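Please examine the sequence and the model below before reading on. The paragraphs that follow lead through the strands, the helices and the surroundings of the ligand in turn.

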Amino acid sequence: MSAKPRLLVARNVFTPVIDRLREHFDLEVNTDDAVWSRDALIARLQGFDAVFVTTSEPIDRTLLAACPQLKAVCSMAVGYNNIDVPACTEHGVLASNAPDVLTETTADLGFALMMAAARRLAESEHYLRAGKWQKWSVDMMCGQDVHGRTLGILGMGRIGQAIARRGALGFGMKVIYHNRSKLAPEIEQPLGARWVDFDGLLQGSDHLIIVLPYSPASHHLIGAAQLAKMKPTATLTNVARGGIVDDAALAQALSQNVIAAAGLDVFEGEPAVHPDLLTVPNVVLTPHIGSASIPTRMAMANLAADNLIARFTGGRPPTALNP
Ligand code: DGY
């Protein structure tokens with residue numbers, strides 16, 4: 001019997017998924033769940049045929065050159081800005097991500113953050129817990145309405161469309177979106193969704209949600225100049241990637257009420273959070289939990305496992321990124 005391929009699981013993953021992988025691989029798991037730097041990962045990966053990664057492991061040309069035995073890099077995340085896919089392809093390494101299975105769960109969180117920002121949920125809760133609630137008042141914690149308002153979506157992919165469905169069908173919102181390309185009428189029409197240019201999105205949205213992949217082209221797409229174009233009553237929510245929003249500029253805009261509020265699940269340089277964001281009251285902050293429901297995280301991990309197993313058993317990896 002030939003030896004099983006060697007798999008490094010670079011973060012601590014659910015036991016049933018590990019048990020499944022163990023049937024096919026001689027594996028080692030990062031049970032401490034430490035986040036390894038690229039150099040630490042290179043050192044650990046020597047002699048391994050495959051690696052199971054998340055959003056935190058940088059897979060670049062240097063790593064691929066230093067790990068010539070590597071044949072597969074399979075991520076349980078949908079976003080893959082940490083993986084150099086063309087370099088993987090050049091090295092003959094399978095790269096895969098985990099799309100679809102987290103769409104609805106991430107859309108739920110995006111919608112929840114938008115609602116929390118609009119209705120000042122975090123501020124209200126802190127106020128109550130701090131013992132500041134002495135009486136009901138007419139203007140206490142008044143925020144913005146969500147129902148019937150204009151929902152703006154930057155990046156109308158799978159998650160953007162799922163958020164649009166929530167807004168249009170559940171809350172009677174008008175949907176505008178900005179995307180590289182206009183969607184097909186059969187997608188737009190049931191949602192009443194309308195493509196607008198970037199400025200039209202900034203100016204027209206009551207609640208703007210970012211669901212765009214991160215790339216050098218989307219770096220700081222939302223900064224001071226863009227925030228200044230938004231309505232002073234608007235909210236901004238980011239469930240995509242840190243770095244798309246200039247966090248320092250956003251903190252300043254929030255403190256000066258350039259926009260009403262924000263909801264952020266992702267941050268530049270996370271898990272570090274810009275200190276100014278921690279002190280402004282009108283922002284709701286969550287630690288990158290967009291896909292964090294147990295069934296969804298299990299499905300994501302199992303999809304990464306499906307790709308790994310297919311690669312080494314002659315099957316077709318279901319969500320390969322290589323062309
Ligand atoms: C992803 O899959 O890209 C998410 O950001 C992780 O939840």
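**Strands, helices and ligand surroundings**

Isoleucine 153 has tyrosine 177 of strand 7 as its bridge partner. The model in which this pairing appears is a predicted one. The two strands concerned are strand 6, residues 150–154, and strand 7, residues 174–178, which pair in the parallel sense over five bridges. Both belong to an open sheet of seven strands, whose order is 8-7-6-9-10-11-12 and whose pairing is parallel. At the edges of this sheet are strand 8 (194–195) and strand 12 (283–285), each of which pairs on one side only.

A record bears on this part of the chain. An unreviewed UniProt entry places the feature "domain: D-isomer specific 2-hydroxyacid dehydrogenase NAD-binding" at residues 111–290. In the model, residues 111–290 are 36% helix and 15% strand. The C-alpha atoms at the two ends of that range are 10 Å apart.

Another set of strands can be followed from strand 1. Strand 1 (residues 6–9) runs parallel to strand 3, and three bridges join them. Leucine 7 has alanine 50 in strand 3 as its bridge partner. Alanine 50 also stands opposite alanine 72 in strand 4. Strand 3 (residues 50–53) pairs with strand 4 in the parallel sense over four bridges, and valine 51 stands opposite valine 73 in strand 4. From strand 3, Ala50 and Phe52 point one way, whereas Val51 and Val53 point the other way. All of these four residues are buried.

Strand 4 (residues 72–75) can be described in similar terms. Ala72 and Cys74 point one way from strand 4, while Val73 and Ser75 point the other way, and all are buried. Strand 4 also pairs with strand 5 (residues 94–96), in the parallel sense and over three bridges. Here alanine 72 stands opposite leucine 94 in strand 5.

How are these parallel strands connected by helices? Strand 3, helix 3 (residues 61–66) and strand 4 make a right-handed β-α-β unit. A right-handed β-α-β unit is also made by strand 4, helix 4 (residues 85–90) and strand 5.

Beyond strand 5, the loop leading to helix 5 (103–118) contains aspartate 100. The phi of aspartate 100 is near 70°, a positive value in a residue other than glycine. Such a value deserves notice because most residues other than glycine have a negative phi. Aspartate 100 counts as partly exposed, because it has 14 C-beta neighbours inside 10 Å.

The ligand comes next. Which residues are around the ligand? They are Thr55, Ala77, Val78, Gly79, Leu102, Gly290 and Ser291. Sorted by class, this shell has three nonpolar, four polar and no charged residues.

The path now turns to helix 11 (247–255) and its surroundings. Within helix 11, Asp247, Ala249, Leu250, Ala251, Ala253 and Leu254 are buried. Residues three or four places apart in an α-helix point the same way, because there are 3.6 residues a turn. The cover over the buried residues of helix 11 includes helix 10 (224–229), strand 11, helix 12 and strand 12.

Just after helix 11, asparagine 257 takes a positive phi of about 55°, although asparagine 257 is not a glycine. This residue lies in the loop between helix 11 and strand 11. Is asparagine 257 buried or exposed? Asparagine 257 counts as exposed, because it has 11 C-beta neighbours inside 10 Å.

After strand 11 (261–264) comes a further loop, which leads to helix 12 (275–279) and holds proline 271. The peptide bond from glutamate 270 to proline 271 is cis, with omega near 15°. For comparison, most peptide bonds are trans.

One residue of helix 10 offers a link back to the earlier strands. Alanine 228 lies in helix 10 and is exposed, because 12 other C-beta atoms lie within 10 Å. Alanine 72, by contrast, is buried in strand 4. The C-alpha atoms of alanine 228 and alanine 72 are separated by 45 Å, and the two residues are 156 residues apart along the chain.

Notes: Residues numbered from 1 in each chain as written. Predicted model: local features only at pLDDT ≥ 70, side-chain atom pairs only at ≥ 80, totals over all residues. Buried ≥ 20, exposed ≤ 12 C-beta atoms within 10 Å, placed from the backbone. Pairing = 2+ DSSP bridges. Right-handed = clockwise from strand over helix to strand, strands pointing away. Near = placed C-beta within 6 Å. Nonpolar A, V, L, I, M, F, W, Y, C, P; charged D, E, K, R; others polar. UniProt positions renumbered as here; feature names shortened; annotations may be inferred. Contact = placed C-beta atoms within 7 Å.
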